[in-house]
Amino acid sequence: MRRALLLALTLLALPAVQAADLQPFSASYTADWKQLPMSGSAERSLSKNDNGTWTLSFKASMMIASLTEESTLRLDKDTLLPQSYTFERGGLGKAKKINLDFDWASKMVTGSDRGDPVKVPLNSGMLDKSTYQLALQRDVAAGKKSMS
């Protein structure tokens, strides 16, 4: 009963959070598989750049693989606008590399995905694979019940 009451109070407090304000953060994670002699670490961060843009980064590594993902974005009023996105996975298995640039003036996304050229129309509300996670966090904090 105590947990249910605490959860209800927490959920009621969520809409009071200011979704428009981005706050820099850094979080570190570790993973350890007891059955195998492997361990890994990861870091996720959001930092503000001197030019007013933000960088959202995720880096993970373990003995057999690594992953790096980075989005540069701009906040326009309450809207997240991705500027660039990079993703690189290496190690055992298939390597993968993606580089995308979001040109809001020409309304185009250009770059490459696993060596193939990318050129797609940039529609309003379009996000990259990393920035959408930040947008979802902000929507939940703002109390939104329906998202698309």
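Asp113 counts as partly exposed, at 26% relative accessibility. Its salt-bridge partner is Arg114, with the closest N and O atoms 3.2 Å apart. Arg114 is exposed, with a relative accessible area of 54%. The model is predicted. It holds three salt bridges and zero aromatic pairs. The protein has two helices and eight strands.

**Overall layout**

- Along the sequence, the elements run α-β-β-β-β-β-β-β-β-α.
- Of the 148 residues in the protein, 25% are buried.
- The protein exposes about 10,300 Å². Carbon and sulfur atoms supply 56% of that area.
- Take the contacts with a separation of 6 or more: residues 24 or more positions apart account for 28% of them.

**Salt bridges**

- Side chains of opposite charge can pair when their charged atoms come close.
- Asp78 pairs with Arg138 in a salt bridge, and the closest N and O atoms are 2.7 Å apart.
- What does this pair tie together? Asp78 sits in the loop between β4 (65-76) and β5 (79-91), while Arg138 belongs to helix α2 (residues 131-141), so the bridge links parts that are 60 residues apart in sequence.
- Is Arg138 buried or exposed? Arg138 is buried, at a relative accessible area of 9%.
- Asp78 is partly exposed, at 44%.
- Asp139 forms a salt bridge with Lys144, with 3.4 Å between the closest N and O atoms. Lys144 is partly exposed, its relative accessible area being 45%.

**Helix α2 and its end**

- Which residues of α2 are buried? They are Thr131, Leu134, Ala135, Arg138 and Ala141.
- Viewed down the axis of α2, these buried residues fall within an arc of 125 degrees, so they line one face of the helix.
- Arg138 therefore has two roles in this account: it is one of the buried residues of α2, and it ties α2 to the loop between β4 and β5 through its pairing with Asp78.
- Gly143 comes just after α2 and takes a positive phi of about 85 degrees.

**Leu73 in strand β4**

- Leu73 lies in strand β4. It counts as buried, at 0% relative accessibility.
- Which residues does Leu73 contact, leaving aside neighbours within four places in sequence? The contacts are Leu22, Thr53, Trp54, Leu56, Leu80, Leu81, Pro82, Gln83, Thr131 and Leu134.
- Two of these contacts, Thr131 and Leu134, are among the buried residues of α2.
- Leu56 is another contact of Leu73. The two residues are 17 apart along the chain, and their C-alpha atoms are separated by 7.9 Å.

**Phe58 in strand β3**

- Phe58 is found in strand β3 (residues 54-62). It is partly exposed, with a relative accessible area of 21%.
- The cut-off matters here: buried means under 20% relative accessible area, so Phe58, at 21%, falls in the partly exposed class.
- Not counting residues up to four places away in sequence, Phe58 touches Ala42, Glu43, Arg44, Leu67, Thr68 and Glu69.
- Phe58 and Ser71 are 13 residues apart in sequence, and their C-alpha atoms are 9.1 Å apart in space.

**Charge over a ring**

- Where does the charged end of Lys96 sit? It sits over the ring of Phe87, 5.4 Å from the ring centre.
- No ring pairs with another ring in this model, as the count of aromatic pairs is zero.

**Positive phi outside glycine**

- Most residues other than glycine have a negative phi.
- Lys77 has a positive phi, near 60 degrees. Its place is the loop between β4 and β5, where Asp78 is also found. Lys77 counts as exposed, at 77% relative accessibility.
- Lys107 is not a glycine either, and has a positive phi of about 60 degrees. This residue is in the loop between β6 (96-103) and β7 (108-113). Lys107 is partly exposed, with a relative accessible area of 47%.

Definitions and conventions:
Residues numbered from 1 in each chain as written. Predicted model: local features only at pLDDT ≥ 70, side-chain atom pairs only at ≥ 80, totals over all residues. Heavy atoms only, no water. Salt bridge = Lys/Arg side-chain N within 4 Å of Asp/Glu carboxyl O. Helix = DSSP H or I, 4+ residues; strand = E, 2+ residues; numbered from the N terminus. Buried < 20%, exposed > 50% of the residue type's maximum accessible area, 1.4 Å probe, protein only. Arc of directions from axis to C-beta. Phe/Tyr/Trp six-rings, centres within 6.5 Å; stacked < 30°, edge-to-face > 60°. Lys NZ or Arg CZ within 6 Å of the ring centre and 35° of its normal. Contact = heavy atoms within 4.5 Å. Areas by Shrake-Rupley, 256 points an atom, 1.4 Å probe, with all protein chains shown as cover.
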